[in-house]
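I opened this entry to record what I looked up on nonpolar packing and aromatic pairs. The structure is shown first, and my notes follow.

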Amino acid sequence: YVSIQTSDNQYLYNSSLKDIHSKLNPDTFLRIHKSTILNVEKVLSYQSRLNGDYDITLQNHEVLRMSRNYAEPFKKYFSKSSS
């Protein structure tokens, strides 16, 4: 099961995270951890943990950890969108 969290609710879905990610818009949803997919439109800020990982703060002030293994696409997305 995969837990899907929206701003209003939380849902359980019987699928793999990889399968769900393949169905989402890649311009909006990025994998940031082996167990987390993120809507980039909800990101408020991100900060390095100085070990390759990052803390991502969402607009609702929830903090998610991004693994160094997924950092490159995330940083590329934000460098592209700030240009």
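**Surface patch**

I located Y11 in strand β2, which covers residues 10-13. The model I worked from is predicted. I then looked up the accessibility of Y11: at 44% relative accessibility it counts as partly exposed, because the partly exposed class lies between 20% and 50%. I noted that Y11 joins I4 and Y13 in a nonpolar patch on the surface, and that together these residues have about 290 Å² of accessible area.

**Nonpolar core**

I turned next to the largest nonpolar core, which has 14 residues. I listed the residues with the most contacts inside it as I32, L38, V43, I56, M66 and F74. The elements that give two or more residues to this core are β3 (29-33), β6 (54-58), β7 (63-66) and α2 (71-81). Of these, α2 gives the most, with 4 residues. For F74, leaving out residues up to four places away in sequence, I recorded contacts with L30, I32, L38, V43, Y46, I56 and M66.

**Aromatic pairs**

I counted 5 aromatic pairs. The ring centres of F74 and F78 lie 4.8 Å apart with the planes at 50 degrees, so I entered this pair as tilted. Both residues sit in helix α2, 4 residues apart, about one turn of the helix, and both are buried. I entered Y77 and F78 as an edge-to-face pair, with 5.1 Å from centre to centre and 80 degrees between the planes. Y77 is buried, as is F78. Finally, I noted that Y46, Y54, F74, Y77 and F78 form one aromatic cluster.

Conventions:
Residues are numbered from 1 along each chain as its sequence is written. This is a predicted model: local features need pLDDT of at least 70, side-chain atom pairs count only at pLDDT 80 or more; totals for chains, interfaces and linings use all residues. Side-chain values use heavy atoms; hydrogens and water are left out. Patches are made of residues with over 30% relative accessible area and no salt bridge: like charges are joined within 9 Å, nonpolar side chains (Val, Leu, Ile, Met, Phe, Trp, Tyr) within 5 Å. Accessible areas come from the Shrake-Rupley method with a 1.4 Å probe; for residues, only the protein chains shown count as cover. A salt bridge is a side-chain nitrogen of Lys or Arg within 4 Å of a carboxyl oxygen of Asp or Glu. Buried means under 20% relative accessible area, exposed over 50%, partly exposed in between (1.4 Å probe, protein chains only). A nonpolar core is a set of buried Ala, Val, Leu, Ile, Met, Phe, Trp, Tyr and Cys residues joined through side-chain atoms within 4.5 Å. Contact means heavy atoms within 4.5 Å. Rings of Phe, Tyr and Trp (its six-membered ring) pair if their centres lie within 6.5 Å; planes under 30 degrees apart count as stacked, over 60 as edge-to-face and the rest as tilted.
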